[in-house]
Amino acid sequence: MFTASDKELEADKKKPAENEWICMMEGIFNTLNHTMIGVVCIYTSWLCWINGFEKLYSWHVFLTLIGYHLLMAEGIVLLYSGNGWTQKLTHSHKRTVHWLIEAVGCSCCVVGIALEIYFRESTNRRHFSSTHSIVGLVSLAFLALTLVNGLMALFAPELRRRIRPIYSKLGHYLTGTVCYVLGMVAIVLAYEKKIYRQNTITEGITMMTVFTIAVTVLSMVGVVKTVYNQVKTLAK
């Protein structure tokens, strides 16, 4: 017969093994995530090269993909404890790198969208006439909100007299999540555009669609955990 202390001892022995298993799975999925991010970005960059970078539309596709699919995704996952290449960074360093990457990523998205608007204006084409463009526009609106409350989160200690830091950080997480997810949805919708259909095979489009959806889900794991913990803190 096992006593209560024996059962506790056995449970304590199982915990390290369970933690090792979780860490291993996190490492595998994290590596897969980075790989899929790279594959889609390299593949699309090649398609833009084939389509010709002398065309503004190629720059629209390239910049928005780099902004959302590469830089925003990497800027999000670097804060996750299971992310390989930032595990040795301190929280302060992670936050600094996050801001730098996201600032460049947001700039790419804004410039990429602005180029498409200019292109349509100069060729007398209708603006925001497709689901892809409307979703992208909404994502851009949330991007602006994310930048605003991101600044509030960055200077949360200085603003704590007016607003609790947890509120500004939670707002940043939520608007940032909506911005990123909508941006990735717009990218998935873009895979049906002519630049992809004319320059690659159906299997290539399917691969990028699956990879983009998987990247979106995997990149959100750390954010969901953080939001859940913050909501629990607020509920206390």
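This is a conversation between a student and a tutor about a predicted model.

Student: Before we start, what kind of model is this, and how are the residues numbered?
Tutor: It is a predicted model, in which local features need pLDDT of at least 70 and side-chain atom pairs count only at pLDDT 80 or more, while totals for chains, interfaces and linings use all residues. Residues are numbered from 1 along each chain as its sequence is written, and side-chain values use heavy atoms, with hydrogens and water left out.

Student: Let us take the aromatic rings. How many aromatic pairs are there?
Tutor: The structure holds six aromatic pairs. Rings of Phe, Tyr and Trp (its six-membered ring) pair if their centres lie within 6.5 Å; planes under 30 degrees apart count as stacked, over 60 as edge-to-face and the rest as tilted. One of the pairs is Y43 with W46, which is tilted, at 5.9 Å centre to centre and 55 degrees between the planes.

Student: Where do Y43 and W46 lie?
Tutor: Both belong to helix α1, residues 4-51, and they stand three residues apart, about one turn of the helix. Helices (H or I, at least four residues) and strands (E, at least two) are DSSP runs, numbered from the N terminus.

Student: And are Y43 and W46 buried or exposed?
Tutor: Y43 counts as partly exposed at 21% relative accessibility, and W46 counts as partly exposed at 46%. Buried means under 20% relative accessible area, exposed over 50%, and partly exposed in between (1.4 Å probe, protein chains only).

Student: What about W59 and F62; why is that pair edge-to-face?
Tutor: The planes of W59 and F62 are at 85 degrees, with the ring centres 5.9 Å apart, so the pair is edge-to-face. W59 and F62 are three residues apart in helix α2 (residues 56-77), so about one helical turn separates them. W59 is partly exposed, with a relative accessible area of 33%, and F62 is partly exposed at 21%.

Student: Which residues form an aromatic cluster?
Tutor: W49, F53, W59 and F62 form one aromatic cluster.

Student: Changing topic: how many disulfides are there?
Tutor: A search of the whole structure finds zero disulfides. A disulfide is a pair of cysteine sulfur atoms within 2.5 Å.

Student: Why does C48 have no bond?
Tutor: The closest cysteine sulfur to that of C48 is in C41, and C48 forms no bond with C41 because the distance of 10 Å is too far. C48 counts as buried, at 0% relative accessibility.

Student: And how far is C106 from the closest cysteine sulfur?
Tutor: The sulfur of C106 is 6.2 Å from the closest cysteine sulfur, in C179, which is too far for a bond. C106 is buried, with a relative accessible area of 10%.

Student: Now the salt bridges. How many does the structure hold?
Tutor: There are two salt bridges in the structure. A salt bridge is a side-chain nitrogen of Lys or Arg within 4 Å of a carboxyl oxygen of Asp or Glu. In one of them, the side chains of K225 and E26 meet at 3.5 Å, N to O. This pair links distant parts of the chain, with K225 in helix α9 and E26 in helix α1, 199 residues apart. K225 counts as partly exposed, at 41% relative accessibility.

Student: What does R120 pair with?
Tutor: R120 forms a salt bridge with E116, and the closest N and O atoms are 2.9 Å apart. Both residues lie in helix α3, four residues apart, about one turn of the helix. R120 counts as partly exposed at 22% relative accessibility, whereas E116 counts as buried at 10%.

Student: Last topic: how much space lies in the largest pocket?
Tutor: About 790 Å³ of space lies in the largest pocket. On a 1 Å grid over the protein atoms alone, a pocket is an open set of points where a 1.4 Å probe fits, with protein on both sides within 12 Å along at least five of seven lines; lining residues have an atom within 4 Å of a point. Grid points are joined across faces, edges and corners, and a volume is the space filled by probe spheres set on the points.

Student: Which residues lie nearest its centre?
Tutor: The largest pocket is lined by 35 residues, of which G75, L79, H98, H172 and Y173 lie nearest its centre. Helix α3 gives the most to this lining, with eight residues.
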